[in-house]
Every structure is written in structure tokens, then in C-alpha cells.
Amino acid sequence: MSKETPQQIWENLIAGNRRYAADESNYPNSDIAHRVQLLSGQSPKMVIFGCGDARVPSEFVFDLGLGDAFIVRNAGHVIDATVLASIQFAIDDLGCNLLVVMGHQNCGAVKAALGFLEKDSTIPTGLQRTIVEKVSMAAVAARAEGLERQSDVERRNIEDTVDQFMERIPHLLEKIEDGSLGIAGIYYSLDSGLVDPVILHGVS
Ligand SMILES: [Zn+2]
């Protein structure tokens, strides 16, 4: 079986999202036989980095099953050393040919960053400060570009996360140029259940 191209993986992913949004999910690769078949190892086609928000579960949103995607999630999809290591592992060692960064409508991390910047400037306490610090960078950039709405900042945060991956993981650009990797930054709408692209590299 020849390996799927990033474009084919991307188109199948979008088709899965359209099924999910229309309440026509197939729930593929989720039976006992498939589970047992995966005992010997995983070879997912894609890695998805998304917000940890409970309303945005990647496998549901794209109608995926066991072994289909390597998933990394945290609040606001912010990057740190463990995220970079996980994404690099998925691409270099597992052979994932598509990297998806998924942000979403009504993101609490973005709302918290905007609250800090625009309302009371109260510095968040505790560990949540780490998240707000990172998302605030995108919020400041969005504001400098004249983008005011929360949804615009959410999209800017997705773009920033993709940009950071490109800058901080060696060889991503090379892989995109030789056709072995695609990157898709996408925005998930809670109300429609649909995703739409914010920034694409190597897929269209
Ligand atoms: Zn979120």
C-alpha cells in the first residue's frame, strides 16, 4: 500500500469533519479487532495539537478512531519544550505526514489573555499565568494588526502556534518543500462543528 500524501490525509480529515458536523460519523477503527491489531505498534498518519477544551475532542471532531492520530493538547495550545518534543517525535519517529494545529471559538485561554490586556491588567496567579503569558503574545500581535474581536485573536493564536513550530523544529520547512509534510492551522466553530483553515503549508 503506497503511503498517502499530506494532501490526501488533509482531504480525508476534512471529509471526516464534515461527517461529524452533519451527525453522520462512521466511528471508524474503534472495534475490538482493530484495537487488538494495534498491539504491535502505532503508525498514525497525522499529529494534531489542539486546545484541551472539553468541547473540542479531536477524534470526534474528525471522525477518527484508534491509531489514526497522535494527539497533543493543552490549554490554549501553547508551546513548550515537551510539546515541541512530542510533535517532533510524531513527525520524525512515527512518520506523521500532517501536522494540524486546532484552535477554537470561545477559547477560555484567549479570553483570559484578553481580560488581562484589556480589562483590569490583573496578573493571573498560580500556574495559569504560564498559559496567559504565552497566549498574550498572540493577543498583543493581533491588536497591533488592528484585530479586536476574540475570534480574530483566536485565529491569530493558531497562526502564531504554527509559526513557532516552523521556526523551532528543524527540517519542517524542508519536509514541506519535498512534499512529505503538510501543516494546517485550523479554527473549530463550537456551534457549527465545522473547521476552517487559518493557515496552510504544503496542503490546500
Ligand atoms: Zn481553548
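1. Fold order. Along the sequence, the elements of this protein run α-α-β-α-β-α-β-α-α-α-α-β-β. That makes eight helices and five strands. Please keep in mind that the model is predicted.

2. Overall dimensions. The protein has 204 residues and a radius of gyration of 17 Å, which agrees with the value near 17 Å for a compact globule of that length. The C-alpha trace spans about 55 × 40 × 30 Å along its principal axes.

3. Interior and contacts. Of the 204 residues, 44% are buried. Take the contacts between residues at least 6 apart in sequence: 70% of them join residues at least 24 apart.

4. Surface and charge. The accessible surface of the protein is about 10500 Å². Carbon and sulfur atoms account for 52% of that surface. The protein carries 17 positive and 28 negative charges. The mean positions of the two sets are 4 Å apart.

5. Zinc site. Which atoms coordinate the zinc ion? They are SG of Cys51, NE2 of His104 and SG of Cys107. The distances are 2.1 to 2.3 Å. Along the chain the donors follow the spacing C-x52-H-x2-C. Water is not among the atoms, so the site may look incomplete.

6. Burial of the zinc ligands. Are His104 and Cys107 buried or exposed? Histidine 104 has a relative accessible area of 1%, so it counts as buried. Cysteine 107 is also buried, because its relative accessible area is 3%. The cut-off for buried is under 20%.

7. Aspartate 23. Most residues other than glycine have a negative phi. Aspartate 23 is not a glycine, yet its phi is positive, at about 60 degrees. The residue sits in the loop between α1 (6-21) and α2 (32-37). Its relative accessible area is 69%, so aspartate 23 is exposed.

8. Histidine 171. Here too phi is positive, at about 80 degrees, in a residue that is not a glycine. Histidine 171 lies in the loop between α7 (150-168) and α8 (172-177). Is this histidine buried, partly exposed or exposed? It is partly exposed, because its relative accessible area is 48%, and the exposed class needs over 50%.

9. Glutamine 128. This residue belongs to helix α6, which covers residues 128-144. Glutamine 128 counts as exposed, because its relative accessibility is 61%. How far is its C-alpha atom from that of alanine 112? The separation is 9.4 Å, with the two residues 16 apart along the chain.

10. Serine 189. Where does this residue sit? Serine 189 is in the loop between β4 (182-188) and β5 (195-201). At 15% relative accessibility it falls under the 20% cut-off, so it counts as buried. Leaving aside residues up to four places away in sequence, serine 189 touches Gln105 and Leu194.

11. Points to check on the structure. Start at the zinc ion with Cys51, His104 and Cys107. Then look at the two loop residues with positive phi, aspartate 23 and histidine 171. Finish at serine 189 and its contacts with Gln105 and Leu194.

Methods
Residues are numbered from 1 along each chain as its sequence is written. This is a predicted model: local features need pLDDT of at least 70, side-chain atom pairs count only at pLDDT 80 or more; totals for chains, interfaces and linings use all residues. Side-chain values use heavy atoms; hydrogens and water are left out. Donors are N, O and S atoms within 2.8 Å of the metal (3.2 Å for Na, K and Ca); water is not among the atoms, so sites may look incomplete. Buried means under 20% relative accessible area, exposed over 50%, partly exposed in between (1.4 Å probe, protein chains only). Helices (H or I, at least four residues) and strands (E, at least two) are DSSP runs, numbered from the N terminus. The radius of gyration is taken over C-alpha atoms; the globule rule is 2.2 Å times the number of residues to the power 0.38. Contact means heavy atoms within 4.5 Å. Accessible areas come from the Shrake-Rupley method with a 1.4 Å probe; for residues, only the protein chains shown count as cover. Lys and Arg count as positive and Asp and Glu as negative; His and the chain ends are not counted. The place of a charge is taken as NZ of Lys, CZ of Arg, CG of Asp or CD of Glu.
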